[in-house]
Amino acid sequence: MARHAARVVLACSVLGFVCFVPPLTAARGRIREARAALAAVPGVGLLSEETQTVSLAPGPLGLEVDAPTGLVQKVLEGGAGEKAGVQAGWVFQTVGGKPYEILALKELTRGEASYEASFALPKANPTAIFSTSMGDIEVEIFLDRVPRTASNFIDLAQSGFYDGVHFHRARDPQAKS
């Protein structure tokens, strides 16, 4: 069983969250179940079914966009994106009635007519609930930051891999007891 405990601690540290048991209770427990949701876009994370369509004026877009994914990383002041209400975290779906392509977007910004763009809106990261003998622990899975690692963890959790696995609290060695 010790082999599996190391895997749980590794999965927690790679995903960027800390599994802990409150300090006044015992530091050992058993993972009874872990639940999470999955439906992520690599490099972006989860997208909701909700979309937003805006009309963009030609000229400087004023958006920092990740070219391969269409993720709006930053909205700059004074650009067409800010004026249309585009927000960081939105993901381009269509531009000018066609599926998103960065070259098509660049061409439309150089034109003289306004055009429509539709965006998928971000969805919150999934959570996992560890049911232990000492109570439940709910943790956020950073699917938007580490999609492959998070997806592997979710798949293993849904398959029951972590059910009944022993784990213990990891403490900060610099923290005073």
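## Two buried rings

Let's start with two phenylalanines: Phe 92 is buried, and Phe 119 is buried too. Keep in mind that this is a predicted model. What is the angle between the ring planes of Phe 92 and Phe 119? The planes sit at 45°, so this pair is tilted, with the ring centres 4.4 Å apart.

Now look at where the two rings come from. Phe 92 belongs to strand β6 (residues 91–95) and Phe 119 to strand β8 (residues 115–122), so the pair ties together parts that are 27 residues apart in sequence. These two also have company: ring pairs join Trp 90, Phe 92, Tyr 100 and Phe 119 into a cluster. In total, the structure has 6 aromatic pairs.

## A strand meets a helix

Another of the aromatic pairs is made by Phe 130 and Phe 153. Their rings are 6.3 Å apart, centre to centre, with 45° between the planes, and this pair counts as tilted. Phe 130 sits in strand β9 (residues 127–132) and Phe 153 in helix α4, so to find both you have to look at distant parts of the chain, 23 residues apart. Are these two buried or exposed? Both Phe 130 and Phe 153 are buried.

## Helix α4 and its buried face

Time to look at the helix that carries Phe 153. Helix α4 covers residues 147–158, which makes 12 residues. From its first C-alpha to its last it reaches 16 Å, close to the 16 Å expected at 1.5 Å a residue.

Which residues of α4 are buried? They are Ala 150, Ser 151, Phe 153, Ile 154 and Ala 157. Try looking down the axis of α4: the buried residues fall within an arc of 160°, so they line one face of the helix. After α4 comes Gly 160, and its phi is positive, near 90°.

## One salt bridge

Side chains of opposite charge can pair when their charged atoms come close. How many salt bridges does the structure hold? There is 1, and it brings together the side chains of Arg 110 and Glu 107, at 3.9 Å from N to O.

Both partners are in helix α3 (residues 102–110). Because they are 3 residues apart there, Arg 110 and Glu 107 are separated by about one helical turn. Arg 110 is exposed, with a relative accessible area of 62%. Glu 107 counts as exposed as well, at 52% relative accessibility. So here the charged partners are exposed, whereas the rings of Phe 92 and Phe 119 belong to buried residues.

Conventions. Residues are numbered from 1 along each chain as its sequence is written. This is a predicted model: local features need pLDDT of at least 70, side-chain atom pairs count only at pLDDT 80 or more; totals for chains, interfaces and linings use all residues. Side-chain values use heavy atoms; hydrogens and water are left out. Helices (H or I, at least four residues) and strands (E, at least two) are DSSP runs, numbered from the N terminus. The expected span of a helix is 1.5 Å times one less than its number of residues. Buried means under 20% relative accessible area, exposed over 50%, partly exposed in between (1.4 Å probe, protein chains only). The arc is that of the directions from the helix axis to the C-beta atoms. Rings of Phe, Tyr and Trp (its six-membered ring) pair if their centres lie within 6.5 Å; planes under 30 degrees apart count as stacked, over 60 as edge-to-face and the rest as tilted. A salt bridge is a side-chain nitrogen of Lys or Arg within 4 Å of a carboxyl oxygen of Asp or Glu.
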